[in-house]
Amino acid sequence: MTARPVALAALPRVDALVAAAPQLVSAHGRAAATDALRAAVDRARATVMEGRGDVPAVEDLVAAAGADLAARRPGPPRRVVNAAGVVVHTNLGRAPLSQAARRAVDEAAGYCDLEYDLATGARGARGARLEPLLAEATGAQAGIAVNNAAAALVLVLAALAAGREVLVSRGELVEIGGSFRLPEIMAAAGVTLVEVGTTNRTRAGDYHAGSDVALLLKVHPSNYRISGFVEEANVAQLAAVAGRHHGVPLVHDVGSGLLHDASDRALAGEPSVAASLRDGADLVICSGDKLLGGPQAGLVVGRIDLVASCARHPLARALRLDKLRVAALVATLEAHLRGAVEEVPVWAALRADRAALDRRAAALADRVGGTVTEGVTLVGGGSAPGQGVASPVVRLVCPRPDEVARELRDGAPPIVVRVADDAVEVDLRTVDPADDQVVAERLTAAAG
Ligand SMILES: *Cc1c(COP(=O)(O)O)cnc(C)c1O
């Protein structure tokens with residue numbers, strides 16, 4: 001009968017544990033470390049009282065508290081190796097930044113001349129270095145950038161159509177993911193949605209509804225395709241309708257931020273910003289961190305008077321970019337303007353040399369005892385749905401591929417792979433060649 005109280009007496013005191021865990025105190029602070037150690041002791045006491053186990057060793061109590069703290073305070077996002085075969089992987093932070101963009105972020109992180117004119121010592125304009133680049137990179141008269149494309153759309157609607165009607169095709173009332181639902185965004189921006197056409201067919205002539213129309217909105221169905229008996233009005237037709245029948249602007253949300261038409265097969269059907277403007281859109285909206293390959297941002301480019309209206313709206317201040325993203329976006333746009341698109345990791349991945357990829361895949365398969373099969377890297381990020389680039393994929397058949405994948409995610413750096421049937425699949429297209437070595441080592445260890 002006395003066994004349990006005796007055992008309980010062996011439980012260490014919390015203050016002794018705190019003294020034994022200086023690393024937890026320095027990593028998380030004394031208060032949090034003490035709480036976590038006390039919770040570990042409480043759990044151990046309950047375990048002993050219920051006869052489910054013995055008093056744990058001090059190291060075990062400290063380790064349990066450490067695991068708790070780590071789970072509760074995971075710290076900033078960690079670098080992961082993306083071997084999952086999706087280039088713009090929303091869950092993995094969408095577009096990885098180029099080296100130049102990373103350097104720019106680092107430089108801007110301290111004091112910087114974000115809104116300061118070094119020549120005169122007077123206040124400078126925040127948009128001075130970014131806005132001309134937006135125009136130059138897209139061929140637009142003017143541009144501004146805000147928090148993301150959803151914010152850009154809210155801003156445009158609020159600035160140009162508050163309290164009035166906006167015509168949208170029923171085939172374009174999209175949900176992009178992460179709660180971006182067009183009807184809700186429009187309601188939040190204070191405009192009245194007027195649906196025209198049908199889900200599968202909308203013609204230019206359908207855009208005649210409404211009594212107080214402020215603008216026509218065309219939204220690229222980024223993440224789905226309607227096929228079969230379908231029809232949509234193109235940008236040129238809508239621009240004509242907007243101008244002729246309503247005298248209102250046409251706003252086109254193209255989504256991905258493809259700046260110019262690309263010949264890449266994986267991007268067929270993806271509208272570019274430049275083409276949309278050329279075809280007559282008055283404003284074009286897109287994301288900064290999809291095919292543009294930069295930081296999270298939303299771009300609004302087009303007619304100078306409309307951009308100015310957006311920039312003047314109070315929401316522009318609420319939705320503006322911080323210095324880190326201004327820095328990254330400027331560096332990314334400069335790479336596009338230099339024609340050095342291969343410096344932008346999204347494009348480096350999409351256009352990676354096939355022969356080099358084949359060699360890397362063969363070398364990895366060799367080292368881990370896998371095989372190379374033909375697969376597809378998805379563009380991802382809501383761009384080019386279901387489309388991708390043909391890629392070699394390393395397949396490693398193993399008894400418990402889910403376990404192997406979990407172990408790969410567990411280590412440092414975490415490696416994210418795909419599991420298909422009885423195999424782990426590694427797509428190197430999105431992996432920096434400098435990481436091939438660590439992928440090989442960790443895969444061998446996890447599957448071995
Ligand atoms: C991705 C996407 C958005 C949302 O972009 P965020 O930058 O994530 O806000 C909006 N519209 C379209 C058409 C998209 O593809």
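Which residues are exposed on the other side of H12? The answer comes after a look at the whole chain.

This is a predicted model. The protein has 448 residues, and buried ones make up 49% of them. Its secondary structure comprises 18 helices and 16 strands. The C-alpha atoms fill a box of roughly 90 × 50 × 50 Å along the principal axes.

Contacts reach far along the sequence. Take those with a separation of 6 or more: 74% of them join residues 24 or more positions apart. The exposed surface comes to about 21200 Å². Carbon and sulfur atoms supply 53% of that area. As for charge, the protein carries 47 positive and 52 negative charges. Their mean positions lie 3 Å apart.

Now turn to helix H12, which spans residues 304-312. Its buried residues are Leu306, Val307 and Cys310. Viewed down the axis of H12, these buried residues fall within an arc of 100°, so they line one face of the helix. The general geometry is simple. An α-helix has 3.6 residues a turn, so residues three or four places apart point the same way.

What do the buried residues of H12 pack against? Three strands and two helices take part: strands S5 (142-146), S10 (283-287) and S11 (298-302), with helices H8 (149-161) and H13 (314-318).

That leaves the opening question. On the other side of H12, the exposed residues are Ile304 and Arg312. Exposed here means over 50% relative accessible area, whereas buried means under 20%. H12 thus has a buried face with Leu306, Val307 and Cys310, and Ile304 and Arg312 are exposed on the other side.

Key: Residues are numbered from 1 along each chain as its sequence is written. This is a predicted model: local features need pLDDT of at least 70, side-chain atom pairs count only at pLDDT 80 or more; totals for chains, interfaces and linings use all residues. Side-chain values use heavy atoms; hydrogens and water are left out. Helices (H or I, at least four residues) and strands (E, at least two) are DSSP runs, numbered from the N terminus. Buried means under 20% relative accessible area, exposed over 50%, partly exposed in between (1.4 Å probe, protein chains only). Contact means heavy atoms within 4.5 Å. Accessible areas come from the Shrake-Rupley method with a 1.4 Å probe; for residues, only the protein chains shown count as cover. Lys and Arg count as positive and Asp and Glu as negative; His and the chain ends are not counted. The place of a charge is taken as NZ of Lys, CZ of Arg, CG of Asp or CD of Glu. The arc is that of the directions from the helix axis to the C-beta atoms.
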